[in-house]
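Biologist: Before I plan any work on this protein, I should like to go through the model with you. May I put my questions one at a time?

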Amino acid sequence: MRYDSAERCVDAHLAYLRSLGEIDEKFVAAAAAAVERVYAENCVEEQPGKFRCPLSGKLFREPKFVHQHISNKHGDKLVEGKRAALEAKFQAYYRAAAERMSAMPPAPPPPPRFPRDYGKGGGKGGGKGFGGKGGMMMGGKGLGGGPPIGRGGGRPPPPPENAEVIKRPVVTYKDLDAPDDDELFS
C-alpha cells in the first residue's frame, strides 16, 4: 500500500471511531429517557399521596416506591423500553461502518497463485496415489509429481554428489529391563 493510501485508511478509521463515540453519547441519553418514560407511564397518581402501578394494580405512598416496584417486578418492561430506544443505535452503527468502508481505498489484489502440477504419473512418486503402491486411497490414480506419501514404495532421493555418506547399521531400541521377547512367546 502506498503512503497516501495508508493515511486515508487511518483517517477513515479515526472518523469512524469518532462517529461511534457520538452515537454512543446520543443513545445513552435516549436509553435513559426510555426508562424514565416507562416509569412515568406506569406511575399513576390516583389521590394525593396514593400512586398506583397499572401493570399490577398495587397502590403505593410515593412515586419512588412505584419505581422500585417496577424495577423489581416489571424489569422486562424496562428492558423492552431500552431495546426500542437502542434499536436505532445499531442501525446507526451499520451506517457508520458502511461510510468507513466507502472512505477506504480499494484493497490491493491478492498475490498471483501458480497452479501446481498434479499430473497423473510421470514424476517422482510414480502417480500411484498415497504410498506409491496400488493407491488404496485414490483408487490407483494418484497425485504424481511429488514424493510418495505414507508407507511403502519409493526410495529417498540420492545424496548430492559431494556429500559424505556414512553407512551404518540401523540401531533398534530395546529396553534394558524388558524381558526377552523370545522367552515370553516360545
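**Burial, core and cysteines**

Biologist: Does H69 count as buried or exposed?

Modeller: H69 has a relative accessibility of 8%; buried means under 20% relative accessible area, exposed over 50%, and partly exposed in between, with a 1.4 Å probe and protein chains only. This is a predicted model, in which local features need pLDDT of at least 70 and side-chain atom pairs count only at pLDDT 80 or more, while totals for chains, interfaces and linings use all residues. Residues are numbered from 1 along each chain as its sequence is written, and side-chain values use heavy atoms, with hydrogens and water left out. At 8%, H69 therefore counts as buried.

Biologist: With which side chain does the side chain of H69 make a polar contact?

Modeller: Leaving aside neighbours within four places in sequence, H69 is in contact (heavy atoms within 4.5 Å) with C53, S56, K58, F60 and H74. A polar contact is a pair of N or O atoms within 3.5 Å; within protein, one must be able to donate a hydrogen and the other to accept it, and residues adjacent in sequence count only if both atoms are side-chain atoms. At 3.0 Å, the partner of the H69 side chain is that of S56.

Biologist: Within what arc do the buried residues of α2 fall?

Modeller: Helix α2 spans residues 63–73 and includes H69; helices (H or I, at least four residues) and strands (E, at least two) are DSSP runs, numbered from the N terminus. The buried residues of α2 are V66, H69 and I70. They line one face of the helix, because the directions from the helix axis to their C-beta atoms fall within an arc of 100°.

Biologist: Which helix gives the most residues to the largest nonpolar core?

Modeller: A nonpolar core is a set of buried Ala, Val, Leu, Ile, Met, Phe, Trp, Tyr and Cys residues joined through side-chain atoms within 4.5 Å. The largest has 10 residues, including V35, Y39, C53, F60 and I70. Both α1 and α2 supply at least two residues each. With three residues, the helix that gives the most is α1.

Biologist: How far is the C-alpha atom of Y39 from that of I70?

Modeller: Y39 is found in helix α1, residues 3–41, and counts as buried at 11% relative accessibility. Not counting residues within four places in sequence, Y39 touches H67, I70, S71 and L78. Y39 and I70 are 31 residues apart along the chain, and their C-alpha atoms are separated by 7.4 Å.

Biologist: Why is C53 not bonded to C43, and what is the distance between their sulfur atoms?

Modeller: A disulfide is a pair of cysteine sulfur atoms within 2.5 Å, and a search of the whole structure finds zero. C53 is buried, at 0% relative accessible area. Its closest cysteine sulfur, in C43, is too far for a bond, at 8.4 Å.

Biologist: Which residue in the turn between β1 and β2 has a positive phi?

Modeller: Strands β1 (residues 44–47) and β2 (residues 50–52) pair in the antiparallel sense over three bridges; strands pair if DSSP finds at least two bridges between them. In this pairing, V44 of β1 stands opposite R52. The two strands form a hairpin with two residues between them, and the turn residue with a positive phi, about 85°, is G49.
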